[in-house]
Amino acid sequence: MAAFEWREKESPHFGRVWVPVIVAEFQAVSGTFTKLHMVVDSGAIATFVRRSFAEELGIELDSGRPVRLANAAGGYSEAFVHELAIRLDRDEPAFKVPVAIATRENVPNLLGRLGVFDRRRITFEPLSRRTLIESPNE
């Protein structure tokens, strides 16, 4: 089981808030794994990352499937969907998930439900300010 401490963040409208951040590892074209800090967002359907992450992984951004994603505020983001191997715990094997890579840089890195929440048990512990991720076998 992996445990991730939440991070305190200053919100312009709500003061200091605690955010469930994890460190995920994605497999690059070279076969190595690259770490990425992400907010675990149980309201996000898909995992969503900034444009420059495609470069870090050695991926041609526009080789993915083009999509237009709506956000909670009613706006849209253009992105390309790629199937990427992700590892949420170094002791567990990687698995493939659809990842929407934005055409813009100024987007949050979000770990969404699709391909993740059906493979791993995600537990938010607000009192201890941590997120637990475990294999269903544990």
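Visitor: Before anything else, is Phe53 buried or exposed here?
Guide: In this predicted model, Phe53 has 0% relative accessibility and therefore counts as buried.

Visitor: And Phe26, buried or exposed?
Guide: Phe26 counts as buried, because its relative accessibility is 0%.

Visitor: How many aromatic pairs are there?
Guide: The count comes to one aromatic pair. The ring centres of Phe26 and Phe53 lie 5.4 Å apart with the planes at 75 degrees, so this pair is edge-to-face, given that angles over 60 degrees count that way.

Visitor: Which parts does that pair tie together?
Guide: Phe26 belongs to strand β4 (residues 21-27) and Phe53 to helix α1 (residues 52-57), so the pair ties together parts that are 27 residues apart in sequence.

Visitor: What else is Phe26 in contact with, leaving aside neighbours within four places in sequence?
Guide: Besides Phe53, the contacts of Phe26 include Phe33, Leu36, Met38, Thr47, Leu57, Leu84, Ile86 and Val99.

Visitor: OK, on to the largest nonpolar core: which residues touch the most other members?
Guide: That core has 27 residues, and those touching the most other members are Ile22, Phe26, Met38, Ile86, Leu88 and Leu111.

Visitor: Which element gives the largest share?
Guide: Strand β9 does, with four residues, while β1, β4, β5, α1 and β8 are among the elements that each supply at least two. Another core, of eight residues, lies apart from this one and includes Ala79, Ala100, Ala102 and Leu110.

Visitor: Switching to charges, what lies over the face of Tyr76, and what over Phe33?
Guide: Arg68 lies over the face of Tyr76, at 3.9 Å from the ring centre, and Arg87 lies over the face of Phe33, at 3.8 Å from the ring centre.

Technical notes: Residues numbered from 1 in each chain as written. Predicted model: local features only at pLDDT ≥ 70, side-chain atom pairs only at ≥ 80, totals over all residues. Heavy atoms only, no water. Phe/Tyr/Trp six-rings, centres within 6.5 Å; stacked < 30°, edge-to-face > 60°. Buried < 20%, exposed > 50% of the residue type's maximum accessible area, 1.4 Å probe, protein only. Lys NZ or Arg CZ within 6 Å of the ring centre and 35° of its normal. Core = buried A, V, L, I, M, F, W, Y, C linked by side-chain atoms within 4.5 Å. Contact = heavy atoms within 4.5 Å.
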